[in-house]
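Please open the model in your viewer and keep the selection box at hand. We will go from stop to stop, with something to select at each one.

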Amino acid sequence: MALPRLTGALRSFSNVTKQDNYNEEVADLKMKRSKLHEQVVGLDLTWKKIVNFLNEKLEKKEMQSINEDLKDILQAAKQIVGIENGQEAIENAAAFLFKTFHLKDSVGHSETKAIKQMFGPFPSSSATAACNATSRITSHFHEDSLAALFQMTKEECGDRVLFGSNLTFSFDMHDLDYFDELPINGEPQKTISLDYKKFLNEHFREHSTPEVKPVEKTNDSYLWCEVEKYLNATLNEMAEATRIEDLCCTLYDMLASVKSGDELQNEV
Amino acid sequence: MPALPLDQLQITHKDPKTGKLRTSPALHPGQKAERCFVLYKPPPKDNIPALVEEYLERATFVANDLDWLLALPHAKFWCQVVFDESLQKCLDSYLHHVPRKFDEWVAPAPEVAEAQKRLHRSVFLTFLRMSTHKESKDHFLSPSAFGEILYNNFLFDIPKILDLCVLFGKGNAPLLRKMIGNIFNQQPSYYSDLDESMPTILQVFSNILQHSGLQGDGASSTPQKLEERGRLTPSDMPLPELKDIVLYLCDTCTTLWAFLDIFPAAGQTFQKHDFCYRLASFYETAIPELESAIKKRRLEDSRLLGDLWQRLSHSRKKLLEIFHILLYQICLLPILESGCDNNQGFIEEFLQIFSALLQEKRFLRDYDALFPVADDVSLLQQASSVLDETRAAYILQAVESAWEGVDRRKPTDAKGPPGTGDLNGVVATG
């Protein structure tokens, strides 16, 4: 949020008052939820449709126990939305709960999230109650006939066409252009190692076995690069990998040696 | 019967109080649905589950509402757009706060990325629909009313247009060019808005200089404020401050460049404020100082400074490209188009722009490396038989002398954008 932006500066310059409006953030979610129960459920499956459907499909005596279950769902809905929103809101919420749980036998994370998205924080016991009541009801049905109920409601809102839905859209966004890394002393950065002892151990002891691979040129030792450069520059054609290796070995031995500078000088 | 434009269309509906039928304009507050859009908030910087959930809730609200909006019939859509203030705030909050690709630091969780994508597309389509005055044969607005509606209801403003360009310009350039072009065409007041925004844009550059302890070029005319005195330079300031300055510079350059890339016709308005010169002199003052500070301080936090270096290099290139777009738009393109007559004015403009910045040697050098000045001068020579050769030669000589003492590595790679890789070749000496 706090990232400095050109358009942020332009905005705050041209409308000082508008900036305060963004403090509404918490309030707007609350308002949104209170509007949601009025609008979303209305589009879709209504409580009336559910009750009608059940009455059509089931025997009278089955309906007696089911009416209890329906009451449970309404009660749960009442606890979730609150009474102050009126009977219609409660019925819409009940329909929403029925829809949410009709294929579930327990309250999972996604159901909790869906209810919370719709109504805000709610008592989880009501969700459990609604879920149990719903599965008692749906146990009277085949999945097919339930599917028919939802098919019917889906068609009502399924034929809307979104503007631009057939338009090709690219998610490609402007990024930083690529540049070389921050240079060291004007040279492009290389990862170099000055740990000659380790280098010597890793690279030369194993190369002394018969199945020697051609010496890897991609090593990361500073000294290696320098020696190679020097040899290439002075001995151009004669410079071969083996010679580099020889010279490097000697140099590494000397660098890794514990002897004092004077002693080494004498050896040379 | 031929279809009427929406702004003249009347509809009959029942008066809720009296129950009588009444006619009223189709574009009417009463036709707006109660929807209540919420504001957009960007995803959390680190993927803390609670924050992610909070983000997702908000994002889902916005995305669902936009889907609903895009599905509305033409007349209803426009009623909502014009009369629903919460919708406009929501769109504005998205454009303002959505992360740009270049300022992302942490990879978002997959569901966050998914939600972002959905929003990104819907927001673009909403703006596309708002910038289209003729949606179909039967559904359209008369151009003049369209221009009025856009402007008077703040459906578009300069910050939003800049945001749109930087957010969607890379992937959807052709469509965005049409959109922005259409808006400016139908409502020329946006040119004067842009004109009025220019001082603020220039102020951003001066602020960057002031915060870096490098005097802005406005500083000589206004007395220096007490609290600005003795600001720390980039070499001494706290690292977070340096970071802020570079991020701000990077966003500013990228946004301006993205806008001019989509809508170069804005060039004239920029140049009314002497933008080319201001840009070059800003470059000359700020870039070398920031560069050497970043180099010098690299060991304080090598990852951060490496990143700032990338951003600074990127900003430099964008500054040079902005300059080139302006120059091309103001002088070179008119010369190419006008043939041999009547191009004296444009040639004069070109010569003046360069004459004004001959002492900005570092700028000249970097610009010349990316867009060789000699090429442009030879274009002028071809276009006019009466070119003032002395002045042209003087400019070329100034460019030459800007290179003196510097290892000149011109871009040799003919492929790709000119000079992309070679900018770093000329920075070593400052």
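The tour below starts with chain B as a whole and then moves through its parts.

**Before you start**

This is a predicted model, in which local features need pLDDT of at least 70 and side-chain atom pairs count only at pLDDT 80 or more, while totals for chains, interfaces and linings use all residues. Residues are numbered from 1 along each chain as its sequence is written, chains are lettered from A and ligands numbered from 1 in the order in which they are written, and side-chain values use heavy atoms, with hydrogens and water left out.

**Stop 1: chain B**

Select chain B and colour it by secondary structure. You should find 16 helices and two strands; helices (H or I, at least four residues) and strands (E, at least two) are DSSP runs, numbered from the N terminus. The C-alpha trace of chain B spans about 85 × 60 × 50 Å along its principal axes. Of the 430 residues in chain B, 55% are buried, where buried means under 20% relative accessible area, exposed over 50% and partly exposed in between (1.4 Å probe, protein chains only). Among the contacts in chain B with a separation of 6 or more, 75% join residues 24 or more positions apart; contact means heavy atoms within 4.5 Å.

**Stop 2: the two strands**

Next, select residues 10-14 of chain B, which form strand S1. S1(B) pairs with S2(B) in the antiparallel sense over five bridges; two strands pair if DSSP finds at least two bridges between them. Show B:Thr12 and look across to S2(B), where B:Thr23 stands opposite. The hairpin has six residues between the strands, and there B:Gly19 takes a positive phi near 80°.

**Stop 3: the loop from S2 to H1**

Now pick B:Cys36, in the loop between S2 and H1 of chain B. Most residues other than glycine have a negative phi. B:Cys36 has a positive phi of about 65° although it is not a glycine. Its relative accessibility is 11%, so B:Cys36 counts as buried.

Add B:Arg35 and B:Asp65, whose side chains meet in a salt bridge (2.8 Å, N to O). A salt bridge here is a side-chain nitrogen of Lys or Arg within 4 Å of a carboxyl oxygen of Asp or Glu. B:Asp65 sits in helix H1 (residues 49-71) and B:Arg35 in the loop before it, so the pair ties together parts that are 30 residues apart in sequence. Buried or exposed? B:Asp65 is buried, with a relative accessible area of 2%, and B:Arg35 is buried at 10%.

**Stop 4: more salt bridges**

The whole structure holds 29 salt bridges over all chains. Select B:Asp261 and B:Arg177 for one of them, at 3.9 Å, N to O. This pair links distant parts of the chain, with B:Asp261 in helix H9 (residues 239-262), B:Arg177 in helix H7 (residues 173-186), and their positions 84 residues apart. B:Asp261 is partly exposed at 26% relative accessibility, and B:Arg177 is partly exposed at 37%.

Then show B:Arg316 and B:Asp366, which form a salt bridge with the closest N and O atoms 3.4 Å apart. B:Arg316 belongs to helix H12 and B:Asp366 to helix H14 (residues 361-370) of chain B, 50 residues apart. Both residues of this pair, B:Arg316 and B:Asp366, are buried.

To bring in chain A, select A:Arg11, B:Asp92, B:Arg100 and B:Asp163, which are linked in a network of salt bridges.

**Stop 5: the core and helix H11**

Which residues touch the most other members of the largest nonpolar core? Select B:Trp78 and B:Phe275, which do so in a core of 183 residues. A nonpolar core is a set of buried Ala, Val, Leu, Ile, Met, Phe, Trp, Tyr and Cys residues joined through side-chain atoms within 4.5 Å. Helix H12 (residues 302-338) of chain B gives the most to this core, with 16 residues.

Zoom in on B:Phe275: leaving aside neighbours within four places in sequence, its contacts include B:Met198, B:Phe205, B:Leu256 and B:Ile322. Helix H11 of chain B covers residues 275-296 and reaches 31 Å from its first C-alpha to its last. Follow H11(B) to B:Tyr283, where the helix bends by about 30°; the bend is the angle between axes fitted to the seven residues ending there and the seven starting there.

Note on methods:
Expected span 1.5 Å × (residues − 1).
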